[in-house]
Amino acid sequence: MRLIFVDDEPLVLQGLRRSLHTMRAEWSMEFANSGAEALRLMEKEPFDVVVTDMRMPEMDGSQLMEEVKARHPRTIRLVLSGQSSQEAMLRLIAPSHQYLSKPCNLDELKERITKACVLRDLLENSAIKAVVSGLATIPSLPVIYEQVVKELHSTDPSVTRIATIISHDAGMTAKILQLANSALLGVRRHISNPVQAVSLIGLDMIRALVISVHIFSQFNEEQVKDLDLPQLWKHSLATASAARAIAEFEHCTKDMMDACFTAGLLHDIGKLVLIGNLPEKYKTAVARVMNEGVPLIDAERECLECTHAEVGAYLMGIWGLPHAMVEAAAWHHLPSVAPSKHFSPVTAVHAADSFISAGPFSHLSREHPLDHKHLEEAGLADREAAWRKVCMDISDSLKDKELGQ
């Protein structure tokens, strides 16, 4: 894996070179003392990751990230910053994937880089990898976007109300979690609950990010009208609710229940990415599903050379979301190939997705078969009937609410 570190302080680069010497067997590293030098090196040969200081003369870290994003979109972009101001966050949010505090703990730096790159080989389609790496936002349904903007412009905006709206939308939730898990905010634990994430970021920052920087965006309704995005939204929310109910049935902690809910909300986020960026190709895949009964995963691979699971996991990985979220996105169809061999969010999301897809909240597919191998490895082979009932109860409850509206 090829990395380039950029800082205008020679002593900082020397310190990084010494401290990261033990990684030489895994990483091929270059050290540049300016943005211009970094860009010259990147023109000669590709790099997987660029890590840059923020404050540098002539070209600062934000400007360098903008150039790297435009010239080398597949490169993962990390910024080191000693600034934690709103201004710094606003400048970094669009061009960077992750943000680290300076001085940086080297163990955290290694962990961030390793986790960001752990799924880089999962997504084989280099063109789509470039599309995903270049994303600044994941589009949302216009009606939900409008609800957030309306609340922000109200005379008495509420963090709680904004958090509730965001927590029901996959694209918004992913972006807010990217920010909340940034080291710039000084949080030293993973944030999985979108409501907690909004509270952590704060109303003033949310307003600035939404209104000034446009961290949320909307789908072009005309462009995607045949892809039934409202039903995908319902499916994601139903899967999230069912995954949390399964975790509650298993007497999990509140943190685990929150993680299962959020993982369920985000499990199909790759569909949003593909629909938003490659709508015509995705329509071709959907036509195979609807007209010929081809499983969605197979149709995606045939038409796009990748699947929504791979795309979603890759994006969430480079954005630095909690690993449990990434794992659930990557392997929600086949959790037996995931590293976790015990009950985890991928278990709950897989089961919830399977059962929810059999009812009124399916999206582009019928019920997915349960991965019995995973359940056996996790010691949960006897849970199928109980979990199915839990999920059907959730589905019925959501359907009743929908009819009541």
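The legends below describe close-up views of one predicted model.

This being a predicted model, local features need pLDDT of at least 70 and side-chain atom pairs count only at pLDDT 80 or more, while totals for chains, interfaces and linings use all residues. Residues are numbered from 1 along each chain as its sequence is written, and side-chain values use heavy atoms, with hydrogens and water left out.

**View A. Strand 3 is buried on both faces.** Strand 3 covers residues 49–53. Helices (H or I, at least four residues) and strands (E, at least two) are DSSP runs, numbered from the N terminus. Of the 5 residues in strand 3, 5 are buried, so the strand is largely enclosed by the rest of the structure. Buried means under 20% relative accessible area, exposed over 50%, and partly exposed in between (1.4 Å probe, protein chains only). V49, V51 and D53 lie on one side. V50 and T52 lie on the other.

**View B. Strand 3 pairs with strand 1 and with strand 4.** Two strands pair if DSSP finds at least two bridges between them. Strand 1 (residues 2–6) runs parallel to strand 3, joined by 4 bridges. Strand 4 (residues 76–81) is also parallel to strand 3, over 5 bridges. Look for V50: its bridge partner in strand 4 is R77, and V50 is itself the partner of I4.

**View C. A right-handed β-α-β unit links strand 3, helix 3 and strand 4.** Helix 3 spans residues 61–71. Right-handed means that, with the strands pointing away from the viewer, the path from the first strand over the helix to the second runs clockwise.

**View D. Helix 17 is enclosed.** The helix runs over residues 308–318. Buried residues number 11 of 11, so helix 17 is largely enclosed by the rest of the structure. Among them are H308, E310, Y314 and M316. G320 follows the helix, with a positive phi near 80 degrees.

**View E. Cysteines without disulfides.** The structure holds 0 disulfides (pairs of cysteine sulfur atoms within 2.5 Å). C252 is in none; its nearest cysteine sulfur, that of C260, is 6.1 Å away. For C303, the closest cysteine sulfur is in C306, at 10 Å, too far for a bond. C303 is partly exposed, at 21% relative accessible area.

**View F. H350 is a buried histidine in helix 19.** Helix 19 covers residues 345–356. The relative accessibility of H350 is 1%. Leaving aside neighbours within four places in sequence, H350 is in contact (heavy atoms within 4.5 Å) with H332, H333, P335, P369, L370 and D371.
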